[in-house]
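User: I am new to this structure and would like a close look at a single part of it. Please take one helix, describe how its neighbours pack against it, and then say what can be told about any enclosed space beside it.

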Amino acid sequence: MRTKLSSTIFLAILACLLWASAFVGIKIGLPYTTPLQFAGIRFFISGLIILPFCSQRKDYLRIILKNWKVVFVITLLQTFVHYSLFYTGISMVPGALGAIVVGSGPVFVAIVAHFGMPDDKMSLKKVGVILLGLAGVVLVSLERGSLSGEGKLILVGIALLILTNINSGFTNIIVAKDKDKVPPLVLSSASMIMGGVMLFLFSIPVEGLHFSPKPFEYYAALGWLSFLSAAAFSIWFTLLKRPEVKVSDLNMWKFIIPVFGAIFAWILLPDEHPDVLSIVGMVITGSSLFLLNYLNRKKINR
């Protein structure tokens, strides 16, 4: 019997709150470095943080070598491809537009899960709940920055962010199908260590090397981002491997990432302030998650 602290809902919210705080951490640390190099160092440290908590430390390498195909695919998709597309795409679009496209992730995950998971089909009610949640994200994101901008560069950025969302759907399905082969902490640690190295090496010809002295806030942001990635991905991979968890339902909780990202920004960044539109969006997003849980409980009690 699971306690409330180990329940899927609590852990999903916790992981999403950690991811939401990344918006502030990235905004603080990124001015002192380049995107891909920052991401590479961040995820390499994240993988090292998880390593001592792996109960299979003695068999760590054996498990990775035995299941190298799964580990390599997750490393490639979840860390290297995902964050290469994300950082490149987000740099090409206005802030609000980027937040809307990224916030639409659960929609794309639900579509991919519909075709990739036989027990995770979309219904009209679920489609309605997902669209309601997306509407809330759009309203919150409109407050975060301008939608103005022209040119093919923005279209390329949007395309890259959509590919990021689709890629996330495929990654979630792979982890969910691989329930018993690779322990979630081993998978999280190995994919982040190797993915971090790949990102850093890829950044050298693209961005060059940047080893200049940096202020305290850079290292504070890097430390927090490394910790939250280690914790959030470990929680998420653990939840995806639970037999009763559906990929599309779990990813619905990601709608709260841009919502709490805005809240954290209001609290921690001096130039960020709430407005009526974003508050209404938060209420709509919260209502969509309430409806999802109501529908799931109703289905269980039948």
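Analyst: What follows is a walk around helix α11, with two packing partners first and a cavity afterwards. The model is a predicted one, and the description should be read with that in mind.

Helix α11 covers residues 216-240, and its axis comes within 9 Å of the axis of helix α1, residues 8-20, the two crossing at roughly 150°. Because angles over 145 degrees count as roughly antiparallel, α1 is roughly antiparallel to α11. The crossing in which α1 passes α11 is left-handed. On the α1 side the residues that meet α11 are T8, L11, A12, L14, A15, C16, L18 and W19, while α11 brings W224, F227, L228, A231, A232, F233, I235, W236 and L239 to this contact. Sorted by class, the residues of this contact are 16 nonpolar and one polar, with no charged residue.

The second partner is helix α3, residues 35-50, which packs with α11 at an angle of about 55°, their axes lying 8 Å apart. That angle makes α3 oblique to α11, and the crossing of these two helices is right-handed. From α3 the contact takes F38, I41, R42, F43, I45, S46, I49 and I50, and from α11 it takes Y218, L222, L225, S226, F227, L228, S229, A230, F233 and S234. In this contact of α3 with α11, 13 residues are nonpolar, four are polar and one is charged.

Two residues named above, F43 and F233, return when one turns to enclosed space, since both belong to the lining of the largest cavity. The count comes to one cavity of 30 Å³ or more, and the volume of the largest cavity is about 30 Å³. Besides F43 and F233, its lining holds Q78, T79, S188, S191, M192 and F237. The elements giving two or more residues to this lining are α5 (68-90), α10 (184-207) and α11, with α10 supplying the largest share, three residues. By class the lining divides into four nonpolar and four polar residues, and no charged residue takes part.

Notes
Residues numbered from 1 in each chain as written. Predicted model: local features only at pLDDT ≥ 70, side-chain atom pairs only at ≥ 80, totals over all residues. Heavy atoms only, no water. Axes fitted to C-alpha atoms, helices over the stretch in contact; angles between N-to-C directions. Helix = DSSP H or I, 4+ residues; strand = E, 2+ residues; numbered from the N terminus. Parallel < 35°, antiparallel > 145°, perpendicular 65-115°, else oblique. Left-handed = near helix turned anticlockwise from the far one by under 90°. Contact = heavy atoms within 4.5 Å. Nonpolar A, V, L, I, M, F, W, Y, C, P; charged D, E, K, R; others polar. 1 Å grid on protein atoms, 1.4 Å probe; cavity = no way out; pocket = protein on both sides within 12 Å on 5 of 7 lines; lining within 4 Å. Points joined across faces, edges and corners; volume = space filled by probe spheres on them.
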